[in-house]
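Q: Please take a close look at one part of this chain. Start with how the whole is put together, then go to that part and finish with what surrounds it.

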Amino acid sequence: MSALLVAFGAAIGAPARLLAGRTLDRITHWGTLLVNLVGSALLGWLVGRGVNQDAMTLWGTGFCGAFTTYSAVAVQSVNRGGWRGLGYAVGSVLGCLLVAWLGYRLGG
């Protein structure tokens, strides 16, 4: 059952990620940043709410796992290079930590 929940959540999260990237990632990587912030906030909220294992498997592992993308942040940071790349990487990580914490606080 868990594998089906992950697959179903991923079937929603992955196309949403693709749409955000194609729509917003033209010059700067707003789509990548947006999905990572939203996914981090949602995962924090789910944990803060203490949702049951099935909901966490579906939305946390499945949806958020397919929706968010650390690998794109890494590649985009390297492509930017220098201080801009470092700033993008650090800003992304700090922003995601902040919204995950906010989501957790709102969920609890």
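A: Residues 24 or more positions apart account for 72% of the contacts (heavy atoms within 4.5 Å) in the protein chain that have a separation of 6 or more. This is a predicted model: local features need pLDDT of at least 70, side-chain atom pairs count only at pLDDT 80 or more, and totals for chains, interfaces and linings use all residues. Numbering starts from 1 along each chain as its sequence is written, and side-chain values use heavy atoms, with hydrogens and water left out.

The protein chain has five helices and zero strands (DSSP runs, H or I of at least four residues for helices, E of at least two for strands, numbered from the N terminus). Read from the N terminus, its elements run α-α-α-α-α. The C-alpha trace spans about 45 × 30 × 20 Å along its principal axes. Of the 108 residues, 35% are buried (under 20% relative accessible area; exposed is over 50%, partly exposed in between; 1.4 Å probe, protein chains only).

Now the part to look at: helix H4. It takes in residues 70-80. Its buried residues are Ala72, Val73, Gln76 and Ser77. These four sit on the same side of H4, because they cover an arc of only 130° around the axis (directions from the helix axis to the C-beta atoms). The general rule is that an α-helix has 3.6 residues a turn, so residues three or four places apart point the same way. The other side of H4 carries exposed residues: Ser71, Val78 and Asn79.

What covers the buried residues of H4? The cover includes H1, helix H2 (30-49) and H5. Take Ser77 as one case. Ser77 counts as buried because its relative accessible area is 9%. Leaving out residues up to four places away in sequence, Ser77 touches Gly85, Tyr88 and Ala89. Just after H4 comes Gly81, which takes a positive phi of about 70°.

Two of the covering helices deserve a further look. The first is H5, residues 82-107, which holds Gly103. Gly103 has a relative accessible area of 5%, so this residue is buried too. Its partners beyond four places in sequence are Ala41, Gly44 and Trp45. Gly103 also lies 9.9 Å from Gly39, C-alpha to C-alpha, although 64 residues separate the two in sequence.

The second is H1. Helix H1 (residues 2-24) packs against helix H3 (residues 53-67) at an angle of about 35°, with the axes 7 Å apart (lines fitted to C-alpha atoms over the stretch in contact; angles run from 0 to 180 degrees between N-to-C directions). From H1, the residues in this contact include Leu5, Val6, Phe8, Ile12 and Arg17. H3 contributes, among them, Asp54, Leu58, Trp59, Phe63 and Phe67.

Asp54 of H3 is a useful contrast with the buried residues above. Asp54 counts as partly exposed, because its relative accessibility is 43%. Its C-alpha atom is separated by 9.3 Å from that of Val6, 48 residues away along the chain.

Back to H4, then. One side holds Ala72, Val73, Gln76 and Ser77, which are buried. The other side holds Ser71, Val78 and Asn79, which are exposed.
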